[in-house]
Amino acid sequence: MTDTSTPPASDSSAEALATTATPAAEGTEEAKKSETVASDSDLFRQSEIAADYIEGLLDILDYDGDIDELVSAGRPMVEVVGGRLQPLVGQRGATLEALQELTRLAIFRATGSPSRLLLDIGGYRASRRKELAAVARNAVEKVKEHGEPVRLEPMSAFERKCVHDVVNAIAGVQSESEGVEPSRRIVVRVAD
């Protein structure tokens, strides 16, 4: 049997902590700063794990692509750019969504923490975001013109978020999701 208990802290480590302590207000600010730095470094580490995972998949599939890992808006991101990548996006991004979930699982396996990784391949998400903004504005125009709710086609969570963001930025209308995956959709209506 292996003993996995933590050994008691020595007096010298307690003294070291006491000598590095700062006043309460200063300590709180420094703690927040170090949490932010640790958080950003954790997010970047997640993007590195994801990039390694995606690189392995590309090697197995014999696809060429440049992989960029970054942190944006508090989320780890990996972007894959190159030719011949459309099969990795799939119809309406279905394969991309599946790859994103697999990559999130790889991050979870490596870190023990869930990830909000956003994976983009061939610029699909950026172009889809533009399309969805147009769909959202069109729905808003119909709602304002007729006063009746507009139900959009079922969408992925990413797509719904894009539409909600556009609708929420326009006064006089609101949006909400209804239904159950994979048939979850957005309804745009006059604001209450």
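This report walks through a predicted model, from its sheet to its salt bridges and its cavity.

## A sheet of three strands

Let us begin with the strands. Three of them, in the order S1-S2-S3, make up an open sheet whose pairing is mixed. At its edges are strand S1 (66–72) and strand S3 (118–121), each of which pairs on one side only. From one strand to the next, the twist averages 15°.

How do S2 and S3 run where 4 bridges join them? Strand S2, which covers residues 75–81, and S3 run parallel. To find a spot where you can see two residues facing each other, look for Val-78, which stands opposite Leu-119 in S3. Helix H4 (residues 94–111) lies across S2 and S3, and its direction makes an angle of about 140° with S3.

## Loops with something to notice

Now turn to the loops. Between S1 and S2 there is a loop that contains Ala-73. The phi angle of Ala-73 is near 55°, which is a positive value in a residue other than glycine. Is Ala-73 buried or exposed? Its relative accessible area is 79%, so Ala-73 is exposed, the cut-off for that word being over 50%.

Arg-92 gives a second case of a positive phi in a residue other than glycine, with a value near 50°. You will find Arg-92 in the loop between helix H3 (86–89) and H4. Arg-92 has a relative accessibility of 43%, so it counts as partly exposed.

The loop between strand S5 (173–178) and strand S6 (185–190) holds Pro-182. What kind of peptide bond joins Glu-181 and Pro-182? The bond is cis, with omega at about 0°.

## Salt bridges inside helices

How many salt bridges does the structure hold? There are 10, and a few of them are worth a visit. In one of them, Arg-128 pairs with Glu-131, and the closest N and O atoms are 3.0 Å apart. Both residues belong to helix H5 (residues 124–146), where they sit 3 residues apart, about one turn of the helix. Their surroundings can be compared through accessibility. Arg-128 has a relative accessible area of 10%, so it is buried, whereas Glu-131, at 43%, is partly exposed. The word buried applies under 20%.

Helix H6 (residues 157–168) offers another example, with Asp-165 and Lys-161 placed 4 residues apart, about one turn of the helix. Their side chains meet in a salt bridge with an N to O distance of 2.8 Å. Asp-165 is partly exposed, with a relative accessible area of 43%, and Lys-161 also counts as partly exposed, at 47% relative accessibility.

## A bridge between strands, and a network

Which side chain meets that of Arg-189 in a salt bridge? The partner is Glu-176, at 2.7 Å from N to O. This pair links distant parts of the chain, since Arg-189 is in strand S6 and Glu-176 is in strand S5, 13 residues apart. Glu-176 has a relative accessible area of 35%, so it is partly exposed.

Some salt bridges share partners, and in this way Arg-92, Arg-128, Glu-131, Glu-153 and Glu-159 are joined into one network. Two residues of the network, Arg-128 and Glu-131, both lie in helix H5, while Arg-92 lies in the loop between H3 and H4.

## A cavity and its lining

Finally, let us look for enclosed space. The count comes to 1 cavity of 30 Å³ or more. The largest cavity has a volume of about 60 Å³. Which part of the chain gives the largest share of its lining? Helix H2 (residues 24–61) does, with 4 residues. The lining consists of Ile-54, Leu-57, Leu-58, Leu-61, Val-80, Leu-88, Leu-99 and Ile-121.

From Leu-88, one of the lining residues, you can step across to Ala-98. These two residues are 10 residues apart in sequence, and their C-alpha atoms are 9.5 Å apart in space. Ala-98 lies in helix H4, and its relative accessibility is 40%, so Ala-98 counts as partly exposed.

Technical notes: Residues numbered from 1 in each chain as written. Predicted model: local features only at pLDDT ≥ 70, side-chain atom pairs only at ≥ 80, totals over all residues. Heavy atoms only, no water. Pairing = 2+ DSSP bridges. Axes fitted to C-alpha atoms, helices over the stretch in contact; angles between N-to-C directions. Contact = heavy atoms within 4.5 Å. Buried < 20%, exposed > 50% of the residue type's maximum accessible area, 1.4 Å probe, protein only. Salt bridge = Lys/Arg side-chain N within 4 Å of Asp/Glu carboxyl O. 1 Å grid on protein atoms, 1.4 Å probe; cavity = no way out; pocket = protein on both sides within 12 Å on 5 of 7 lines; lining within 4 Å. Points joined across faces, edges and corners; volume = space filled by probe spheres on them.
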